[in-house]
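Student: Hey, got a minute to look at a structure with me? I'd like to talk it through bit by bit.

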Amino acid sequence: MTTTTLTDIIDLTPRLRLLRFTVGQAYLWRDGAELTLVDAGPAGAGQPIADAVRDWGHAPEDVRRIVLTHFHEDHAGGAGEFARLGGAEVYAHRLDAPFVRGEATEPEPVLEDWERPFFAQAQAQLPPRPAHPVLPSSVKELADGDVLDFGGGARVVAAPGHTDGSIGLELPQHGVLFTGDAVAASPVDGQVMLGVFNLHREQAVASFRRLAALDSEVACFGHGDPVTDGAAAVLRAAAVLRAAAAACEPA
Ligand SMILES: [Zn+2]
Ligand SMILES: [Zn+2]
């Protein structure tokens, strides 16, 4: 049986901790005694996340909320388990919330040819989905422009395309941006790139540009190393490269 473990824990700032799983990443944000979890890893991640919270000098009960960037298993699978351990409230965009609640059948991504082997590999690395997953008892629904009460006011930025209800989270007071899978960093060379395995690729490209336009210093992705300095410029350069590459593609 595959068990879910953390493969790495990295403190990015005194307030921000990266939790890395075999597939995907989650983040802990600290406001004094109160914590927020952004994404929650796959099924089985509840206990490893609780261990990482304790290791940071907190109790699972200190985590007041779990904000999910989208419904995919590698981000939302552990949300119900961790919420039960400490009583955190779970948030997701209203268009992804039904999948997080297990109320609707999840749509499959529309894969580019080059993505197929990577998708198969990622699926193989994920722990098998439990027959009876621990779902959150309730999911609070978010919309574009909502402001959550952490990080000095965390603004929800709709970033559809990867999934319909994908969101970014912007903490303007701290220059921190969580992108979910709307943006990624390549596991090969760390290059910032459009997230893969999208439902609507063109929409995802537009969302990438929307997130790149924000004034972020630190950008935290669902996959790959965060950018911890001058993130906005790095994202904008990646957006320009994308546009240039698209212009060169044969019609
Ligand atoms: Zn992901
Ligand atoms: Zn995803």
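Tutor: Sure, and keep in mind that this is a predicted model. Let's begin with the largest nonpolar core, which has 64 residues.

Student: Okay, which residues in there touch the most other members?

Tutor: Those are Leu 37, Ala 40, Ile 66 and Leu 68.

Student: Let's take Leu 37. What does Leu 37 touch, not counting residues up to four places away in sequence?

Tutor: Leu 37 touches Ala 26, Leu 28, Ile 49, Val 63, Ile 66, Phe 82 and Ala 88. In soluble globular proteins, nonpolar side chains tend to be buried together.

Student: New topic: sheets. In what order do the five strands of the open sheet run?

Tutor: The order is β8-β9-β10-β11-β14, with mixed pairing. At the edges sit β8 (147-148) and β14 (218-221), each pairing on one side only.

Student: And how do β9 and β10 pair, parallel or antiparallel?

Tutor: Antiparallel, over four bridges, with β9 covering residues 154-158 and β10 covering residues 167-171. As one example, Arg 155 has Glu 170 in β10 as its bridge partner.

Student: Cool. Now helices: at what angle do the axes of α6 and α7 cross?

Tutor: Roughly 150 degrees, and the axes come within 8 Å. Here α6 is residues 201-212 and α7 is residues 231-248. An angle over 145 counts as roughly antiparallel, so that is what α6 is to α7.

Student: Is the crossing left-handed or right-handed?

Tutor: The α6 and α7 crossing is left-handed.

Student: Which residues meet there?

Tutor: From α6, Val 205, Phe 208, Arg 209, Leu 211 and Ala 212. They meet Ala 232, Leu 235, Arg 236, Ala 239 and Arg 242 in α7.

Conventions: Residues are numbered from 1 along each chain as its sequence is written. Chains are lettered from A and ligands numbered from 1 in the order in which they are written. This is a predicted model: local features need pLDDT of at least 70, side-chain atom pairs count only at pLDDT 80 or more; totals for chains, interfaces and linings use all residues. A nonpolar core is a set of buried Ala, Val, Leu, Ile, Met, Phe, Trp, Tyr and Cys residues joined through C-beta atoms within 7 Å. A residue is buried if 20 or more other C-beta atoms lie within 10 Å of its own, exposed if 12 or fewer, and partly exposed in between; C-beta atoms are placed from the backbone. Two residues are in contact if their C-beta atoms, placed from the backbone, lie within 7 Å. Two strands pair if DSSP finds at least two bridges between them. Helices (H or I, at least four residues) and strands (E, at least two) are DSSP runs, numbered from the N terminus. Axes are lines fitted to C-alpha atoms, for helices over the stretch in contact, and angles run from 0 to 180 degrees between N-to-C directions. Angles under 35 degrees count as roughly parallel, over 145 as roughly antiparallel, 65 to 115 as roughly perpendicular and the rest as oblique. A crossing is left-handed if the near helix is turned anticlockwise from the far one by less than a right angle, and right-handed if clockwise.
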